[in-house]
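Hi,

Here is the structure I promised to pass on. Have a look at it first, and then read my notes below with the model open next to you.

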Amino acid sequence: QVQLVESGGGLVQPGGSLRLSCAASGSIRSISVMGWYRQAPEKQRELVATITSGGSTNYVDSVKGRFTISRDNAQNTVYLQMNSLKPEETALYYCYMRIGTPLYDNYWGQGTQVTVSS
């Protein structure tokens with residue numbers, strides 16, 4: 001059984017920074033893609049950033065230059081460094097991993113709340 005546990009959310013002022021972490025545990029053979037999504041109240045879940053096993057990254061246009069996704073393959077962990085946060089980025093942030101056990105499947109974290117407010 002695979003479990004994803006997120007941490008690092010919280011309350012931050014506009015322009016501030018937060019770093020989210022998500023660690024996977026369980027019977028893991030390999031992890032291909034890792035990523036972060038977010039869902040604001042009454043809005044659809046949207047992709048924020050992804051990173052492949054080879055280190056290639058992809059970002060939604062609105063966060064380019066402010067957010068950085070990274071991963072630690074030895075620790076089965078993905079990070080999201082968020083700088084210059086905006087109030088409209090208040091949302092529940094979910095991590096995502098495509099994990100092979102050995103068959104590949106999609107796994108999600110429970111979500112961590114990020115609130116950007118003065």
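One definition to start with: two strands count as paired if DSSP finds at least two bridges between them. Keep in mind too that this is a predicted model.

With that in hand, take β7 and β8. Strand β8 covers residues 77-82, and β7 pairs with β8 in the antiparallel sense over 6 bridges. If you want a spot to zoom in on, F67 stands opposite M82 in β8.

These two strands belong to something wider. In what order do the strands of the open sheet run? The order is β1-β3-β8-β7, so to speak a row of 4 strands, and the pairing is antiparallel. At the edges you'll find β1 (3-7) and β7 (67-72); each has a single partner strand, so one side of each has no neighbour in the sheet. On average, neighbouring strands here are turned by 15° against each other, ignoring direction.

Now zoom out to the whole chain. There are 11 strands and 0 helices, so reading from the N terminus you meet β-β-β-β-β-β-β-β-β-β-β. The radius of gyration is 14 Å, close to the 13 Å that the globule rule gives for 118 residues, so the chain is as compact as a globular protein of that length. Along the principal axes, the C-alpha atoms fill a box of roughly 45 × 25 × 25 Å. Of the 118 residues, 41% are buried.

What about the inside? The largest nonpolar core has 30 residues, and the ones that touch the most other members are W36, V78, L80, M82, Y93 and M97. You've already met M82 as the residue opposite F67. Several elements give two or more residues to this core: β3 (18-25), β4 (30-39), β5 (46-51), β7, β8, β9 (91-100) and β11 (112-116). Which element gives the most? That is β9, with 5 residues.

Next, the aromatic rings. The structure holds 3 aromatic pairs. One of them joins Y37 and W108 edge-to-face, with 5.0 Å centre to centre and 65° between the planes. This pair links distant parts of the chain, since Y37 is in strand β4 and W108 is in strand β10 (residues 104-108), 71 residues apart. Another is the tilted pair of Y96 and W108, at 5.2 Å centre to centre and 50° between the planes. Y96 lies in strand β9 and W108 in β10, so this pair ties together parts that are 12 residues apart in sequence. Put together, ring pairs link Y37, Y96 and W108 into a cluster.

Are Y96 and W108 buried or exposed? Y96 is buried, because its relative accessible area is 12% and the cut-off for buried is under 20%. W108 has 36% relative accessibility, so W108 counts as partly exposed.

W108 has a charged partner as well: the charged end of R45 sits over the ring of W108, 4.8 Å from its centre. You can find a second case at Y79, where the charged end of R19 sits over the ring, 4.1 Å from its centre.

Happy browsing, and write back if anything is unclear!

Technical notes:
Residues numbered from 1 in each chain as written. Predicted model: local features only at pLDDT ≥ 70, side-chain atom pairs only at ≥ 80, totals over all residues. Heavy atoms only, no water. Axes fitted to C-alpha atoms, helices over the stretch in contact; angles between N-to-C directions. Core = buried A, V, L, I, M, F, W, Y, C linked by side-chain atoms within 4.5 Å. Buried < 20%, exposed > 50% of the residue type's maximum accessible area, 1.4 Å probe, protein only. Phe/Tyr/Trp six-rings, centres within 6.5 Å; stacked < 30°, edge-to-face > 60°. Lys NZ or Arg CZ within 6 Å of the ring centre and 35° of its normal. Rg over C-alpha atoms; globule rule 2.2 N^0.38 Å.
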